[in-house]
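Reader: I would like to go through this model step by step, from the way its chains meet down to individual strand partners. Could you take my questions in that order?

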Protein chains: 2
Amino acid sequence: MKDEFQLIEKLLAHAPLQPSGDHGGIRIPAGDDACLLKPLKNPVVTTDTQRNNVHFKLSWQTPEEIGEKAVAAALSDLAASYAIPVSIFVNLAVPPSIKDNTLEAIYRGIKTALVKHNCSLGGGNVSRGRDLSLDMFAVGEGHDDIFPLRSAAKAGFGVYSTGPLGLAAAGLDALKRGDASFQRLISSFKSPSARFDAAGVLLQHRVPCVMDISDGLCGDAGHIAKASGITIKLAVLQEQIDPDLNAYCRKYDLIPENVVLSGGEDYELLFACEPDRYEKVKRDLRGTFQVGECLSYSDEHITGIPSGVASFRHGARSRSAT
Amino acid sequence: MKDEFQLIEKLLAHAPLQPSGDHGGIRIPAGDDACLLKPLKNPVVTTDTQRNNVHFKLSWQTPEEIGEKAVAAALSDLAASYAIPVSIFVNLAVPPSIKDNTLEAIYRGIKTALVKHNCSLGGGNVSRGRDLSLDMFAVGEGHDDIFPLRSAAKAGFGVYSTGPLGLAAAGLDALKRGDASFQRLISSFKSPSARFDAAGVLLQHRVPCVMDISDGLCGDAGHIAKASGITIKLAVLQEQIDPDLNAYCRKYDLIPENVVLSGGEDYELLFACEPDRYEKVKRDLRGTFQVGECLSYSDEHITGIPSGVASFRHGARSRSAT
């Protein structure tokens, strides 16, 4: 980093300030002290962090993959809030050992993800630090009359996932073991998708309780149970477990159900609603399945967990208040 | 950090989610995947980073001072954009050596600054890292019909500062030397103010070109000159130099003018406008003075700098694109 201003200019050249004809929601772009966005009726804001050796490893992932995942992880929270991406801001911490071309590659990955979601890059900050890290700040436009809440689950609701769980955790495990024979699992860890498609269906059916599964089913269902003052009884059926995950667990003598319950970073959506509402959701959304049921609170927020299963925590996981 | 979720709850207890009766602009607070803010007609967004041993030192500053300055530095960009603070988001990176009570003290400082500016804490993220750092994301409500721009300076305009410069840089130098006898200078470095008061006056007089001086007069005037396609001739007069800065420079054989030109982190506002508009501003805003003039572009964006003066860069400075 000879000149950080020049570097910022170089990096911004890789990312779309104005991804589409409508200027990506930006009225005054980065370059001034702040960025002026288009008016927002329902401004939805979330933050996320991706740090080397905590959330990713430069030796496991390409810089492009790191940039792309950082955006997906931040936007996933907007999907879980029924919000449309407007703009993202990236604070980069850069150790002296990191070359500019690595940073440019990270920004190419950021750009790929932004273009995919028609989201603009509003700005950001570059500073020196010992850890390479990306602090992401995402701004979205929420829906006019529904904001899904963790606190909206009720006894009698079912609890559902929009897709297979445990794959990313198994992929991370495979990376740690240096086993490259489970590319689909590894790809689940490296290249998650923010499920805006699924969120659209849940919104259409006015599902009131949604969150993304970043910390693992067990931990994230716990957030819903706690916020809603209920008990959630989790029950992962063998037939819901992904075949690749089963194969991986056979190879390494792991219990697939435990990986599903504790494995994080799948970025599927976890939602709760009345069973009859779910029947309609299921018709419009392939791959969704039940993972538990909501009960009146008794003693514990989560039941149905085999002993020894903890919420997913690699050296790494961050905990978010947004 | 035994349990990061518990830690977040403890930290949020120190900061006002809803500082005033109007919920501080927050409709759905942190705790869900994202935060829902009140409608924003002119959403103004900026980011900033404060990192240990780069922007601050735990051995120099109390944790409260660090938290308070982090907010002031982020909000300063909103002031320079004629925006009113709405909500701030804080991503914290925490090394294992940092005790929870240090983090709680940082949040007490954050709270002090938020209360001062009637700004809410929208949420944030806590993750592990080797460097203690605060990544700040600030959201404000801009003015309906004026957004000051770096690109709005014109030949014939004067260039002005809302207050004394170089004090923070001298204070930092005093901290490095371990000289505690210049408390006002040290305090300028540790406890800067975001100049919303001055911004209000500039707005009232519709000054078109404003930015905050975080990187030093020389560098920041350069941003205006470059964005506006002009040359700025800087001229710092001896009588404008703060008496304490003069005294400090005498003690250590420094050239005060050079400290004024290159010293950063004063967080005064730098602005450019017609000289007759400035005459009116000056009547309403004490302490403001001229630092240069705008000329048609010729060869260089900044002239009038003695040789050997560079833009302020301690081991430390971050460069911002917002």
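**How the chains meet**

Author: In this predicted model, the contact between the two chains takes 60 residues from chain A and 60 residues from chain B.

Reader: Which element of chain A gives the largest share of the side that touches chain B?

Author: By class, the side of chain A that touches chain B has 28 nonpolar, 18 polar and 14 charged residues. The largest share of that side amounts to eight residues, and the element that supplies them, spanning residues 43-51 of chain A, is strand β3.

Reader: Which residue in β2(B) is the bridge partner of Val45(A)?

Author: Strand β3 of chain A pairs across the chains with strand β2 (residues 35-37) of chain B, in the antiparallel sense and over two bridges. Within β2(B), the bridge partner of Val45(A) is Cys35(B).

Reader: What kind of axis relates chain A to chain B?

Author: Chain A is superposed on chain B, with an RMSD of 0.0 Å, by a rotation of 180 degrees that has 0.0 Å of shift along its axis. A rotation of that kind is therefore the relation of a two-fold axis.

Reader: Which residue of chain A has the C-alpha nearest the axis?

Author: The axis in question belongs to the rotation of 180 degrees that superposes chain A on chain B. In chain A, the C-alpha nearest to this axis lies 2.6 Å from it, and the residue is Leu40(A).

Reader: Why can one say that the copies meet through the same surface?

Author: The test is whether interface residues of one chain recur as interface residues in the other, and the contact takes 60 residues from chain A and 60 residues from chain B. The copies meet through the same surface because the share of interface residues of chain A that are also interface residues in chain B is 100%.

**Domains and helices**

Reader: How many charged residues are there on the side of domain 1 of chain A that touches domain 2 of chain A?

Author: Chain A is divided into domain 1 (4-141) and domain 2 (150-303), and the C-alpha centres of these two domains lie 27 Å apart. Their contact takes 13 residues from domain 1 of chain A and 16 residues from domain 2 of chain A. On the side of domain 1, the residues divide into seven nonpolar and two polar, and the charged ones number four.

Reader: Are α4(A) and α5(A) roughly parallel or roughly perpendicular to each other?

Author: Helix α4 (residues 167-177) and helix α5 (residues 183-190) of chain A pack with their axes 7 Å apart and at an angle of about 105 degrees. Angles of 65 to 115 degrees fall in one class, and α4(A) and α5(A) are therefore roughly perpendicular.

Reader: How many charged residues does the contact of α4(A) with α5(A) have?

Author: Among the residues making this contact are Leu167(A), Leu172(A) and Leu175(A) of α4(A), together with Leu185(A), Ile186(A) and Phe189(A) of α5(A). By class, the contact of α4(A) with α5(A) has nine nonpolar and three polar residues, and the number of charged residues is none.

**The six-stranded sheet**

Reader: Which strands of chain A are the edge strands of the open sheet?

Author: The open sheet of chain A has six strands with mixed pairing, in the order β8-β10-β7-β11-β9-β12. An edge strand pairs on one side only, and in chain A this holds for β8 (209-212) and β12 (302-303).

Reader: Which residue in β11(A) stands opposite Thr231(A)?

Author: Strand β9 (residues 230-234) and strand β11 (residues 289-296) of chain A pair in the antiparallel sense over five bridges. Along this pair, Leu234(A) stands opposite Gly292(A), while the residue opposite Thr231(A) is Leu295(A).

Reader: Which residue in β11(A) stands opposite Gly158(A)?

Author: Strand β7 (residues 158-161) of chain A is joined to β11(A) by four bridges, and the two run antiparallel. In β11(A), the residue that stands opposite Gly158(A) is Glu293(A).

Reader: Turning to chain B, which residue in β11(B) stands opposite Tyr160(B)?

Author: In chain B, six strands form an open sheet in the order β8-β10-β7-β11-β9-β12, with mixed pairing. Four bridges join strand β7 (residues 158-161) of chain B to strand β11 (residues 289-296) of chain B, and these strands run antiparallel. Opposite Tyr160(B) in β11(B) stands Gln290(B).

Key. Residues numbered from 1 in each chain as written. Chains lettered and ligands numbered in written order. Predicted model: local features only at pLDDT ≥ 70, side-chain atom pairs only at ≥ 80, totals over all residues. Axes fitted to C-alpha atoms, helices over the stretch in contact; angles between N-to-C directions. Parallel < 35°, antiparallel > 145°, perpendicular 65-115°, else oblique. Contact = placed C-beta atoms within 7 Å. Nonpolar A, V, L, I, M, F, W, Y, C, P; charged D, E, K, R; others polar. Domains from an automatic or database assignment. Pairing = 2+ DSSP bridges. Least-squares fit on C-alpha atoms with pLDDT ≥ 70 in both.
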